[in-house]
Amino acid sequence: MKPMETCKDPAPDLMSRLLARLGFLTAPAQPSCYPKYLFVLTGALIGTAGVLLSLLGNPANTGFCVSCFMENIAGSIGLHGNIRMQYLRPEIIGFVIGSFLMSVYKKDFRATGGSSPLLRYFVGALLIVGCAVFMGCPIKMVFRIAAGDLTAWIGVVGLAAGVFIGLKFLERGFSLGRANDLPAPNAFLIPILMALLLAALLWKPVFIVLSSKGAGAQYAPVYLSLLAGLGIGALGQRTGFCITGGMSRLFLWGPREFTVCPKTTGLALGIGSFFVFALVSSILTGQFSLGWYGQPSSNDSHVWNFLGMLTVGFGSVLIKGCPFRQLISAGQGDTDAGAAVLGMLTGAALVQNWGLGGNASGTPFEGQIAVLAGLCTLFIIGLLYRRRGETFAPEFQTGLD
């Protein structure tokens, strides 16, 4: 483990010194590269904004859901024909553009890629299939728990199991290769795509389809959703917020290391803050309903819910980030993550066209086959891309404490 890094920032201002005294920021004498208050703020914004957007029109118990919203976007641009799932979700657009703007401001924006992009595209599609079977991405999973949905805890167990399996492959030398610097124009492709989608949402050209009923017709005011997405995207880029990343660090370092690894501690704070603020917001807005049955976006297919999230956790470790993290990384110029995002969009279309997603009555047979096939594929990828004799390929150490 590398020693704690320190930032080369100028002398802290009054607010920083106050936050340090309150315990949210490392003491000014030894500033941390990952100030704790940023992680708390990121989690607070995700949790509070998501619940409020559900109150203002987004689907119940959803807040922000990368997989559901990608299915909406895929339908809106004509990649599937489910008239109930067609809307250009400004939250997704905001995540990418917010990350782009923050990375430019912080001089983190640069074009990188070349680490098995086609394979990442394929794994990105599998992530959405797993999310669809569970009826939500890892972020929606936390929103469901915060709203009182006890069945979502099965997803937590499945996600953790998938992350653990993925880390075992990393320990045995799994690697998709090291990313390289690319010509600068490559970095702009995904942000430009999202800017075009935003223009289409605002101007509504004839080729864009918007649902008049169903989940696609349930949305909060456009500008509030976009503003929330921009803020979360910017903070997500700054902090590296990732549900599966936080779980990975817990397995890697263990609880004791949370006291000495700044980013490990930060991700734990971010996820904890997310849950607490979402829980409090759900209770205050009357959206909390504790129970096992009859919850929105849930069913009794517990084995398949577990396996769906296991697929997501496993795949996320192999490509270094959950669906949300792929969007943020693509916004800051990572073209490998951009390939995964396009794969996620493809997976979203396949889920709707082939009827793979879970629903209130359970998991369809097609969805069960897709999850099992996806898991087998991930195991095959993990075995084929092992570097024998190595443990934790160098590129997976990047960004670790």
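## Helices, salt bridges and enclosed space in a predicted model

Helix 5 is mostly covered, with 14 of its 18 residues buried. The model described here is predicted. Helix 5 runs over residues 117-134, and the distance from its first C-alpha to its last is 26 Å. That span is close to the 26 Å expected at 1.5 Å a residue. After helix 5 comes M135, which has a positive phi, near 70°.

**The second largest pocket**

Helix 5 and M135 both return in the description of a pocket. The second largest pocket has a volume of about 520 Å³, and helix 5 is among the elements that give two or more residues to its lining, together with helix 3 (66-76) and helix 14 (335-354). Helix 3 gives the most to this lining, namely 5 residues. In total 28 residues line the second largest pocket, and those that lie nearest its centre are M85, M135, K140, A215 and S297. By class, the lining of the second largest pocket divides into 12 nonpolar, 12 polar and 4 charged residues.

**The largest cavity**

The structure also holds 1 cavity of 30 Å³ or more. The space in the largest cavity comes to about 60 Å³. Its lining consists of G50, V51, S54, N61, T62, G63, F143, A147, S282 and Q287. Helix 2 (residues 36-55) supplies the largest share of that lining, with 3 residues. The lining of the largest cavity has 7 polar residues and 3 nonpolar ones, and no charged residues.

**G148**

G148 is placed in the loop between helix 6 (138-146) and helix 7 (152-171). Its relative accessible area is 1%, so G148 counts as buried, the limit being under 20%. Not counting residues up to four places away in sequence, G148 touches F288, S289, L290, G291 and Q295. I283 is 135 residues from G148 along the chain, yet the C-alpha atoms of the two are separated by 9.5 Å.

**Helix 7 and the salt bridges**

The loop that holds G148 leads to helix 7. Helix 7 has 20 residues, which should span 28 Å at 1.5 Å a residue; its end C-alpha atoms are 29 Å apart, in agreement with that value. Just after helix 7, G173 takes a positive phi of about 95°.

The structure holds 4 salt bridges. The table gives three pairs, including two that share E171.

| Acidic residue | Basic residue | Closest N and O atoms |
|---|---|---|
| D181 | R110 | 2.3 Å |
| E171 | K168 | 3.5 Å |
| E171 | R172 | 3.9 Å |

The pair of D181 and R110 has its closest N and O atoms 2.3 Å apart. D181 lies in strand 2 (residues 180-181), while R110 is in the loop between helix 4 (90-105) and strand 1 (112-113), so this salt bridge ties together parts that are 71 residues apart in sequence. D181 has 57% relative accessibility and counts as exposed, whereas R110, at 49%, counts as partly exposed.

The pair of E171 and K168 is placed within one helix. These two residues are 3 residues apart in helix 7, which means that about one helical turn separates them. An α-helix has 3.6 residues a turn, so residues three or four places apart point the same way. E171 is partly exposed, with a relative accessible area of 31%, and K168 counts as partly exposed at 30% relative accessibility.

E171 also forms a salt bridge with R172, the closest N and O atoms of the two being 3.9 Å apart. R172 has 44% relative accessibility and therefore counts as partly exposed. Salt bridges with shared partners join K168, E171 and R172 into one network.

Notes
Residues are numbered from 1 along each chain as its sequence is written. This is a predicted model: local features need pLDDT of at least 70, side-chain atom pairs count only at pLDDT 80 or more; totals for chains, interfaces and linings use all residues. Side-chain values use heavy atoms; hydrogens and water are left out. Helices (H or I, at least four residues) and strands (E, at least two) are DSSP runs, numbered from the N terminus. The expected span of a helix is 1.5 Å times one less than its number of residues. Buried means under 20% relative accessible area, exposed over 50%, partly exposed in between (1.4 Å probe, protein chains only). On a 1 Å grid over the protein atoms alone, a cavity is a set of points where a 1.4 Å probe fits but cannot get out, and a pocket is an open set with protein on both sides within 12 Å along at least five of seven lines; lining residues have an atom within 4 Å of a point. Grid points are joined across faces, edges and corners, and a volume is the space filled by probe spheres set on the points. Ala, Val, Leu, Ile, Met, Phe, Trp, Tyr, Cys and Pro count as nonpolar, Asp, Glu, Lys and Arg as charged, and the others, Gly among them, as polar. Contact means heavy atoms within 4.5 Å. A salt bridge is a side-chain nitrogen of Lys or Arg within 4 Å of a carboxyl oxygen of Asp or Glu.
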